Amino acid sequence: MNLANFGMDSVTLAGPLESKLRACRAAGFSQIMLWARDLVEHPAGPEEAVQLVRRSGLRVTGIQVMRDYEGLSGALHEYKLDIARHLLRLCKAVGARLLVVCSSTSAHAGGEPALVARDLAKLANSAVPLGVRIGYEALSWGRHVHAYEQAWEVVDLAAHANLGLVLDSFHMLAREADMEGLEEIPADKIALVQLSDFMWRDLGSAQERIETAGHLRVFPGEGSHSAELSGMLRQLDRGGYRGDYSLEVVNDDYLQLAPEIVCGRALSAAKWITDQVLRRSLQVRGYRGRTL
Amino acid sequence: MMNIDNNTPAGNPLGIAGIEFIEYATTQPLAFGALIEQLGFVAIARHRSREVTLYRQGDMNIVVNADKRSLPSSARDDMPATVISAVALRVRDADTAYRHAIDMGAWAIQTRVGVMELNIPGVHGAGDSILYFVDRIGDFSIYDVDFKPIEGVSQQPPALAGMHFFGIVQSIDEGRRPEWIDFYGQLMNFEVLPEGQFFGAVPKGILLASPCRSFYLQLIEPPPGAGSLQWDEQLVRVGFGVPDVPAAVRALEGRGIVFIERQPAQAGARGALTQLYKGGVSFELVVSNRDAAGAGAQ
């Protein structure tokens, strides 16, 4: 595991797209997660924004975020599919290999696993010719799917190689998820791991989770769940996950700091994460040495 | 090889029955037309309103489309390019096949970009290519509406050396095999063959069989260490089945087609690859004993 495995998320950084890209490069990151609005809201227009990103030399981890897609029917389903396809085109334009789809919060959405799986497989097929993978993430306040185990259940049911699971430590910690369950998930079905923590122990209500998620996440190593996060990271490493880690830290305070300062904190977080995994690796080597 | 009955709705619910036509888009219609004439195709009809020609031999149809709008957006005026722009599948009911593909997530094409004015349903495939669904009812031909036969030319030229459509080679990005296998499997019930099973002279990638077992898709990833190579996901080559590869090679060489001589004799009996022609096009011969009616594979 090295810095190439880690990416910033543009939502963590203040300022225009140009300075976010510049700060990431300067800090030594090689990838960045973008939000569709980073491109479409750019004053020079989305095409120029795409060129900016391509010229930056940064790899785009993925595009966030398709909301409230699955479980709909009729005209609503068609409408959301159309929106998702616009995002897929944006992914292709900017060279992003992943579109993040988070679990629906819509009161109009059904939650039958077979229905959700069917809709996800459909989007996965749509994305194949564009060279984009679909990553499905459980929002901790999702209407039907709010735990990673549920998200995995429907991803597994959809049985499409172009569909994977996005794990977000914030949502998992907010629901006190059992990290041991991660061992059930094949590493190649994990499309992305998003990492952040928060600074108090409990988030009892959906409203508290939404508030904290949207304003006061912190980097791994800075929060109150380092032990759990550490367990999650070691479990993922043990399971063979070698994909991207995106530091998705939504924090109002960070948005008052220069992006270079926040990128510096992100580097410390990346080191903290590497240390957690490295500790595990050394232990395993030692254990093998004694038994053989 | 397979012990399921692929003509049952379970194995082949869309009633796929081979390839109706393959369309090439080209900046050089005359040169490309001359090339496929060397392969035994005969120009039999011209489009009524566009720069499009229909070539045929045996039960194979090739549409050569020189309409600029049909070329990929990356094509440049100053560089000759010929690409496989569409594959039309014969199906039991085109509308059913189309709606199934759409339900499974395929992108509908805008009909105005298609070569046919007759509304042939189609969806987007690899790269800039289109997958059409064609059904044939009675004597009606999809070509009657759009094409005008060339006078004095047989509309049913025989196949040279028993040639028939055998398969298409598609380039895919590294590591994307499972995604494309699921794509073709869910949209059109194609089935992956065991790794290492190949026909022809190019044992690379992985093969998918059509549910009718009359043609194959070969998915090929970039060669190792090809990091700087331009490698787009697209349809790259058509393979023709022939019962006797050496005899077909001799017949085609006699007509000026140049084959790459690199295979040992045993592989040479299984298949042969032509040189890369101007515009980036090549063809492949594959040993196949399919009968003239097009039913069943080797």
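**Close-up views of a predicted model**

**View 1. The open sheet of chain B.** In chain B, eight strands (DSSP E runs of at least two residues, numbered from the N terminus) line up as an open sheet in the order 6-7-5-1-4-3-2-8, with mixed pairing. Two strands count as paired if DSSP finds at least two bridges between them. Strand 6 (122-124) and strand 8 (147-149) of chain B stand at the edges with a single partner strand each, so one side of each has no neighbour in the sheet. On average, neighbouring strands of this sheet are turned by 25° against each other, direction ignored. This is a predicted model, in which local features need pLDDT of at least 70 and side-chain atom pairs count only at pLDDT 80 or more, while totals for chains, interfaces and linings use all residues. Residues are numbered from 1 along each chain as its sequence is written, and chains are lettered from A and ligands numbered from 1 in the order in which they are written.

**View 2. Strands 5 and 7 of chain B, with helix 2.** Five bridges join strand 5 of chain B to strand 7 (residues 130-134) of chain B in the parallel sense. Look for B:A88, whose bridge partner in strand 7 of chain B is B:Y132. Helix 2 (residues 94-103) of chain B packs on the sheet, where this helix touches strand 6 and strand 7 of chain B and makes about 145° with the direction of strand 7 of chain B. Helices are DSSP H or I runs of at least four residues. Axes are lines fitted to C-alpha atoms, for helices over the stretch in contact, and angles run from 0 to 180 degrees between N-to-C directions.

**View 3. Where the two domains of chain B meet.** Chain B is divided into domain 1 (19-149) and domain 2 (162-287), with bounds from an automatic or database domain assignment. Here 26 residues of domain 1 of chain B are in contact (C-beta atoms, placed from the backbone, within 7 Å) with 23 residues of domain 2 of chain B. Strand 1 (19-26), helix 1 (29-38) and strand 5 (82-90) of chain B each supply at least two residues of the domain 1 side.

**View 4. A helix pair in chain A.** Helix 5 (residues 113-127) and helix 6 (residues 148-158) of chain A pack at about 60°, with their axes 8 Å apart. These two helices of chain A are therefore oblique to each other; angles under 35 degrees count as roughly parallel, over 145 as roughly antiparallel, 65 to 115 as roughly perpendicular and the rest as oblique. Among the residues making the contact are A:L120 of helix 5 and A:V154 of helix 6 of chain A.

How values were computed
Two residues are in contact if their C-beta atoms, placed from the backbone, lie within 7 Å.
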